[in-house]
Amino acid sequence: MRDSLLHPSRRRFVQGLGVAGIGLGLGVVRPAFATASMERPADQGKDAVLELREASVDFTGRMRRAVTANGGVPGPTLRWREGDDVVLRVTNHLDVTSSIHWHGLVVPATQDGVPGLSFDGIPARGAFTYRFPVRQSGTYWYHAHSRFQEQSGLYGAIVIEPRGGERERCDRDYVLLLSDWTDEDPARVYAKLRSRPDVYNYGQPTVGDLLRDARDHGLGEALAMRRMWNRMRMNPTDLADVSGATYTYLVNGSTPAGNWTGLFRPGERVRLRLVNGSSNTLFDLRIPGLRLRVIAADGQPVEPVEVDELRLSAAETYDVIVTPIDDRAYTVFAQSIDRSGYARATLAPRAGMSAPVPALDARPRLGMRDMMGSMSGGGEMVMAHHARTEYGPSVDMRVDMPRTNLDDPGVGLRDRSHRVLTYADLRTPGGAVDAREPGRTIELHLTGNMERFAWSFDGVPYAAARPIHFRQGERLRLRLVNDTMMNHPIHLHGMWSDLESPDGSFQVRKHTVNVQPAQQVSYAVTADNPGRWAFHCHMLFHMEAGMFREVVVS
Amino acid sequence: MRALCVVLLAWVAWPAMAQEMDHAMHGMAMGPMQGGQAPADARDGDVSDGVAPSSMHDMAMMDMDDTAPVGNLLIDRLESFAGQGSHGQSWEADGWYGNATDKLGFRSEGERDGGRPRDGDAELFWRHAIAPFWDAQVGARSDLGDGPSRQWAAFGVQGLAPYWFELEATAYVGDGGRSAARLRADYELLFTQRLILQPELEVNAYGKADPRRRLGRGIARIDAGLRLRYEITRRIAPYVGVAWEHLGGGTAAMARDDGRRITDRRWVAGVRVWL
């Protein structure tokens, strides 16, 4: 962090305050000395009450307004049992329309919580009661689907116990909800990105980097490396639109300095329910000294696989089991994809213990495969079929031959000496619920123009797009080709995304599928849930900028 | 006039040249990765089967609006200069309000020399995206400062050329058969994430002499600058630099008659502010 030497105040963003404060000031901003240590709101069961309110929070030493559920950021954890009929009474005390979406839950379209598609939203100072049966189990989360309220703090975890009890015996069970917080008004963040898309990127290539590359690889090679990127007006350090320059990364609402701690007795099996509830961040998470036994992805069980590190794309969840043997503390370390900051928590035998916090990695740079796909060599050759609408001003590049392999952990994780989870490692036991072959394929390209900060499917932003029609009852395939150089975690509401391996066979059931730069990913969908559904990139600012479509099942 | 033609040609040709380069970098087997025309067999992206969007589409737009306008004002230069034959202040500002494809653009630049306004203009444009990295702009310019005020209709392009050069080329048509052209280019060289060197070049040319504004025909003025700024934050960056003002053709002759320098090297110090 050379930056923080020059700018000591930045440490506050990266580390946050030791104690995050929250006050239900009802519109009154309290002085900083009056902030209490944040009390987590009580868990809610199948008859849940959620009160949405603006409140003052203090993560960085400055009081800011957040949108809270039951007074917390995050809101209360919702704990249900498979088979429950849940009733959620949500009261909106805000001055604006709000909404809550149950991410990953298969519910009737009217209960899905997307204003304009599912319902009218929850009016300002109004209320809405959600009712739906819970027909699944696992770790999920909820978040606002209105404007930037998710970024402002309106999110929380959902834990659903299987009908027959948990399959994996564990001594401890913790939710670790990772998120990103900014002291800035998220609308302002968005406006800044629209006018200067690299505004939060403090890791851009410099003259010094060029000299270093020239020393390491020779001047010719260094210049050649730069040439292609510069000619295309692409930036190899464009990993995250919003970085630690404004974000403080949280675990269960605690800053790195706040150090959320989960207790264990040595030898116990500890289940960690990892939720990436951030608005615009991909996290790479590891716990030095512990293997992560991955038992579920996006709430759904997977054949257990042991890894040392995993990437959580926005909105993904993973359940892992760790077995700390030693009588010592372990650091849960989750750095952002651009290495501009990290979220941190601790597992310890006793409160107050801590373990060393690893240094942030050097900032990775996108590789040729992130720009050229399989043209850069390796992997099966497939040709993408670009849409007519991709040849306009809203698309700054297209990838003709995307890579299809799923065994790439992605930029920044490729050179690890330890094992990193990839999608190729994830297998749903028992295969697909719907064994039918997809009857047809819809190809959609993930497109954008970084200079304009415009994002879209097939070059058409939501405002100008027609819906995507699924015929009710059909089994179809979505083939997503990422024409951009950023990761896009794509989320289909209301139905599962059955991720396919490159050869077309069923791999794993997910609700959010991250598509890496210049990658093609296919998944099968059973269109068995009638209604109007949201389909979008889960990077909040990409969604707001147009990477959103309506899916109609009829 | 010849110079004017060169400038005009440059602005017409540049986007095409950029496309050309993009084409060249790829083999024949595939299309260009950027820009270009949709091939005849391009995919039809409409998979709606004629199903209409949600009747609450506008509602949804209220909460998620990718066409919502945002605003932006960059005061790129707000500086004092000390030249060999002049000392004063100058400014350059660029702002816009709009969305990814359509913007209302505003630009102004000018200088005060020895305490009185010498040269300056303000422009208002409609900017429309015509290519991934290029906007066409149509609008008006009003000249301030020495001599009678002049009004112009303006047409041009602005955008980002390969290798990250910001370019702007504008042609102007005024009353009385007046014409003018302006070409601007700048670049950013990062020494660190905050210490940035910005070379800039601006050429102004006129199709007809305007003695009352002390302008001759042809290239009237070339401004080149090298400014080294330090971004304390993205919003505020003090800088120091050196700039050259060079007068050409008839403008230079008039300046000689007025006892002014043809070439003036200036030390500059100022602040760049992004609102």
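## Where the chains meet

In this predicted model, chain B contributes 48 residues to its contact with chain A, and chain A contributes 59. Four elements of chain B each supply at least two residues of its side: helix H2 (57-63), strand S1 (70-83), strand S4 (116-131) and strand S9 (189-190). H2(B) gives the largest share, 5 residues.

Sorted by class, the side of chain B that touches chain A holds 28 nonpolar, 13 polar and 7 charged residues.

## Domains of chain A

The domain assignment splits out two stretches of chain A: domain 1 (2-164) and domain 2 (366-554). They touch through 10 residues of domain 1 and 12 residues of domain 2. On the domain 1 side, the contact has 5 nonpolar, 3 polar and 2 charged residues.

## Nonpolar cores

The largest nonpolar core counts 150 residues. A:Ile158, A:Leu176, A:Leu178, A:Val294, A:Val320 and A:Val332 have the most contacts inside it. Both domains of chain A feed this core, with at least three residues from each of domain 1 and domain 2. Another core lies apart from it and has 23 residues. Among them are B:Val157, B:Leu183, B:Ile219 and B:Ala252.

Take A:Leu176 as an example from the largest core. Setting aside neighbours within four places in sequence, A:Leu176 is in contact with A:Val251, A:Asn252, A:Leu272, A:Arg273, A:Leu274, A:Val332 and A:Ala345. One of these partners, A:Val332, is also in the group with the most contacts inside the core.

## A helix packed between chains

Helix H3 (residues 186-195) of chain A has several buried residues: A:Pro186, A:Val189, A:Tyr190, A:Lys192, A:Leu193 and A:Arg194. They pack against strand S10 (172-182) and helix H7 (540-544) of chain A. S1 of chain B is a packing partner too.

## Unusual backbone spots

The peptide bond from A:Val73 to A:Pro74 is cis, with omega near 0°. A:Pro74 sits in the loop between strand S3 (63-69) and strand S4 (78-81) of chain A.

Two residues other than glycine have positive phi: A:Arg339, at about 60°, and B:Asp49, near 50°. A:Arg339 is in the loop between strand S19 (330-336) and strand S20 (342-348) of chain A. B:Asp49 is in the loop between helix H1 (2-24) and H2 of chain B.

Are these two residues buried or exposed? A:Arg339 counts as buried because it has 21 C-beta neighbours inside 10 Å, and the cut-off is 20 or more. B:Asp49 has 13 other C-beta atoms within 10 Å, so it is partly exposed.

Note on methods:
Residues numbered from 1 in each chain as written. Chains lettered and ligands numbered in written order. Predicted model: local features only at pLDDT ≥ 70, side-chain atom pairs only at ≥ 80, totals over all residues. Core = buried A, V, L, I, M, F, W, Y, C linked by C-beta atoms within 7 Å. Buried ≥ 20, exposed ≤ 12 C-beta atoms within 10 Å, placed from the backbone. Domains from an automatic or database assignment. Contact = placed C-beta atoms within 7 Å. Nonpolar A, V, L, I, M, F, W, Y, C, P; charged D, E, K, R; others polar.
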